[in-house]
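Work through the exercises below with the model open beside you. Try each task before you read its solution.

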Amino acid sequence: MKSSKITQSKLKLMLSGLFCLLLFGSAIAQTNTIRGTVTSADEPLIGASVQVKGTTTGVVTDIDGSFTLEASASDVLIVSYIGFETQEITVGTQTQIDVTLNEDAAQLNEVIVVGYSTQRKSDLTGAVAQLKGDDIEKYTFSDASQALQGRMAGVSVQQQGGAPGANAIISIRGFGSLSDAGPLFVIDGMLTGGMGSLNPADIESVSVLKDASASAIYGSRAANGVVIITTKKGTRGKVSVDFDLSSGTADVINRFDWANARQYADIVNRADDNDGVPRSPANDTEFNPNNTSNLYDESLRTAWVHNANVRLYGGGENTLYNLSLSYYDQEGIVKYSDFDRFTARANGSFTKGRFKLENTIGLTRTVNNPNPYFNKERNLLPTIRLQDDNGDWSSSDIPDEPGAPTLGSFYGQGSIRNELGMAALEDRTITRYTLLGNIAASYEILNGLIYKLNLGTEYYDQNNYTFTPLHPVFVAGGNNDFAELSERNTRFRSGLIEHTLNFKRLLGRHSIDLLGGYTAQETNTRSLGVDARRFPTNAIRIASAAEELASAPAQDLTSVIQSYFGRINYTFDDRFLFTATIRRDGSSLFREGLRWGTFPSMALGWNLSNEDFMDNVTGISNIKFRASYGEIGSNNVGVYAIDPSLNLFSEYILGESPGRVTGYSITNGVNPNITWETTKTTDIGVEFSLLDEHLDITMDYFIKNSEDVLVGLRLPLYTGFGNAIPFNTASVENKGFEFSASYFQQFGDLKFTAAGNFSILDNVVTALGDATPIIQGSFTSNTINSTKTDVGQPISSFFGYVVDGIYQSDEEAAAANDQAGNPKAGDIRFKDLDGDGDIDEDDRTYIGNPTPDFEYAFNLSAEYKGFDLNLFFNGVSGNTILNGTKYRGYFDFNGNYFADALNAWTPTNTSTDIPRNTQADPGFNRRMSTFYLENGAYFRLRNIQLGYSLPSSSIARVGLSKARIYVSGTNLFTITDYTGYYPEVGRNSRGGSRRIFNSGVDEGAYPVPKELRFGLQVSFL
């Protein structure tokens, strides 16, 4: 064979001001020109390697799977592609060589989707976790985010209670910002803020980019991690149709033991006696055992859940198509709450020569009818019937006649909320129509050099409608004595344009992958609403019929981000790996001069197993070490945050003879000098296989430092501004360790898979600058705060007093010198932590962390002949939950009590830990303390599914390729010490605009249900 020579040329392409300099080479030599294609059983393989054995001559296939190279008759071609078995072919007299590669089951799972591309797992230098659609299909999920829960180390998914349609909180390697910002989601190339519009059955794969090296290609969008979702595509061949139908029930897992009418009356009578006030007639002289109710038992129910999916897919020589439809309908286990979702998704592609066109579009309609009243304060007393003699909802059993007593004089309460009646009577509907999709065109300019244009859009219209009729239950509950209508219409649109130029080349032992690009995205949110009051009747529910239009709130918010980025992936001899990425982002949220930020990253890897000295090493294989460092920014501010708000109708007193003059004033202070938050991540990882590659293990240690984090500062009052103004003065550190393992084995007809992971996380605020500690976490209408975010502590740490028993005598209570209250025997005793002889604010301390420091999960799957069993367990530990229902159960006199309040301290019942019954609470027992805190650890069977597939030989006769029946369960058992409804409570929404500071505060969160479903899956030939 004659010698080969590599030539180089330069290609320069201007993309909206971006130029990329790329080096590429083409092999020149040999006497024969060899042409051919590389395909799989279904489609052409783009980027397959065709190399002349023993030389540096090689090419990669183009967009149509075609290749051309020079070779002699004696040469041997090595044809390889990720996930397929390598073939060696002698050229001989052939000038046209078409190769069909067979799938290599041992390598198929090694293909990882990363930013704007895919990579072999062995070539990855960043921390990337992947979940396949096959794993998602093993279970039933009501929301796509639930499919991620517990499946990847370092990825935390926590439900916001169990309300139908509730969003989950997703965090990747902890929270690095003092905000509610979550990860970036990339769905088929479109950048968006969530995955709530997705049908879980449409997901083909999910990749989570965890460290800066992996996610830096998305720059400022990736400060909280990146979740890349690829939906299912068509396959070449005849049309295929899949059906999946399931239906089942959901029920509450745990219940509180609330007092009945007799128990409630005894508790309140004892409290009145302790407080030295007269007893209320309804609980004493006028107590009527027939006037009774159980509000919570009546509010909960066994609910139905239905799900249906149908998918049609196929393809021809140049086209692929996939169409899916789904309908999900969920009743809430709390009455008068429900949710339904309809989704339609169409994916298609067309390939001709070097040109390829792809598109995906998803349409979603959701209708959410929430119940916002469940388990709130001032609820109906058990001494009052839910409905009167006529079957109408009621908040009082006082006869409607002249001289009848008032609520306060008869029941001891002036405001009583029949929350079940309010939920039944009020009309609440949130309807959203969403479109999410993109169209992408790519063209292979030269072998290995592909230009791609991606256009994406997200659009939704949402109507939030609430009509509160004029009814006695609302008046008794504290509402105005008129009907009200509140309606908001919101339109959101986002447009994305991306130009990328990708060059891949295999030069002997050198593999080069260069990527350059430009992207711009504009988002706009426009809303218009109306608040109307006083309607002729409750039957007329449109704003134009109201006597009074109270307000018409509106907003129009637009933001733009532009970015230039580049990345190089270099591999030498499949041993040494190098990745470098740089991205420059410009955001309209910052002023000129501070608008642009540059974020670099770099990573190194070493495939130790490919070294010659490892050839004789047995027992361990596929060893790879990797290390990375990167910086990512975040424009974590609201739209127009640097622009002051003006009141155009302010009045000033001016002149020698003072008079009012209309003018304008600045009502909110701003800081125009805010800029990018920056997250710096260092990651060290190792991957290896054991037991003849049946056991794969991955470990990572990371340190993630977030700097210049925005935090609100309050200026002196003489400035005239009372709002908190953001400054880049805070810092947050997250560091931890992650471990993942998977094991596969087959014993005859039995296939067994086990996978597990755990992560350890340490979160701490390292700086606040001049900002004062952030106090939030209210869990009552009395604004008792529970969390404090300060230097040296985790975000949203619980802060308060430490309970030290019960005072057993008035003398002991007086000697404690409690400055916050005037305790007596039977009140809670709090620890004097500073030892100064009194109980005051200086005795408060950090008493709990709402964020788990240890999360773990494991999955077990087995197949035997036609049977399959899948079990998924997960758990957390090291976290604390504030059980706010304890406040209502023991201290809040505006509602019912726990039945256990009968066991309160009395002179004859001194061994209890429940303080004495009192409604006046002079000892301030209700203050924030360890009384409310409970261990938030749990271990549960999150999902289980048992299925049976009918034999292929039997179902083929009726035109089926698959027929499977299954039973599926969710949250069937949970081991926990938490006494609330469920230990997954999320964040409550009381007070403050950032819910992160209410983490772990359970104000009676909607219960997470357990589900049991039966299903059928059918595929047609």
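The exercises cover two sheets, two cavities and three single residues.

This is a predicted model, where local features need pLDDT of at least 70, side-chain atom pairs count only at pLDDT 80 or more, and totals for chains, interfaces and linings use all residues. Residues are numbered from 1 along each chain as its sequence is written, and side-chain values use heavy atoms, with hydrogens and water left out.

**Exercise 1. Trace the open sheet that contains β4 and β7, and find its edges.**

Step 1. Fix the terms. Strands are DSSP runs (E, at least two residues), as helices are (H or I, at least four), numbered from the N terminus. Two strands pair if DSSP finds at least two bridges between them.

Step 2. Read the order. The 4 strands run β5-β4-β7-β8, with antiparallel pairing.

Step 3. Find the edges. β5 (58-60) and β8 (87-90) each have a single partner strand, so one side of each is left without a neighbour in the sheet.

Step 4. Add the twist. It averages 20° from one strand to the next (axes are lines fitted to C-alpha atoms, for helices over the stretch in contact, and angles run from 0 to 180 degrees between N-to-C directions).

Step 5. Check one pair. β4 (residues 49-52) and β7 (residues 76-80) share 4 bridges. V50 has V79 of β7 as its bridge partner.

**Exercise 2. Describe the open sheet that contains β47.**

Step 1. Its 3 strands follow the order β48-β47-β51, and the pairing is mixed.

Step 2. β48 (933-935) and β51 (1001-1002) are the edge strands, each pairing on one side only.

Step 3. β47 (residues 880-883) runs parallel to β51, joined by 2 bridges. The partner of N883 in β51 is D1002.

**Exercise 3. Describe the largest cavity and the second largest cavity, with their volumes.**

Step 1. Define a cavity. On a 1 Å grid over the protein atoms alone, it is a set of points where a 1.4 Å probe fits but cannot get out; lining residues have an atom within 4 Å of a point. Grid points are joined across faces, edges and corners, and a volume is the space filled by probe spheres set on the points.

Step 2. Count. There are 12 cavities of 30 Å³ or more.

Step 3. Take the largest cavity, at about 560 Å³. Of its 43 lining residues, S156, S171, T851, P852 and E855 are the closest to the centre. Elements giving two or more residues to this lining include β13 (155-159) and β14 (168-172).

Step 4. Take the second largest cavity, at about 110 Å³. Its lining includes V114, R567 and T581. α2 (212-215), β29 (554-572) and β30 (576-587) each give two or more residues to that lining.

**Exercise 4. Classify R575 as buried or exposed, and list its contacts.**

Step 1. R575 sits in the loop between β29 and β30.

Step 2. R575 has 15% relative accessibility, so it counts as buried (buried means under 20% relative accessible area, exposed over 50%, partly exposed in between; 1.4 Å probe, protein chains only).

Step 3. Leaving aside neighbours within four places in sequence, R575 is in contact (heavy atoms within 4.5 Å) with G605, W606, N607, N610 and E611.

**Exercise 5. Give the phi of R378 and of F924, then place each residue.**

Step 1. R378 has a positive phi near 60°. R378 lies in the loop between β23 (355-369) and α5 (407-411). At 29% relative accessibility, R378 is partly exposed.

Step 2. F924 has a positive phi near 55°. F924 lies in the loop between α9 (885-890) and β48. F924 is partly exposed, at 26%.

Definitions and conventions: On a 1 Å grid over the protein atoms alone, a cavity is a set of points where a 1.4 Å probe fits but cannot get out, and a pocket is an open set with protein on both sides within 12 Å along at least five of seven lines; lining residues have an atom within 4 Å of a point.
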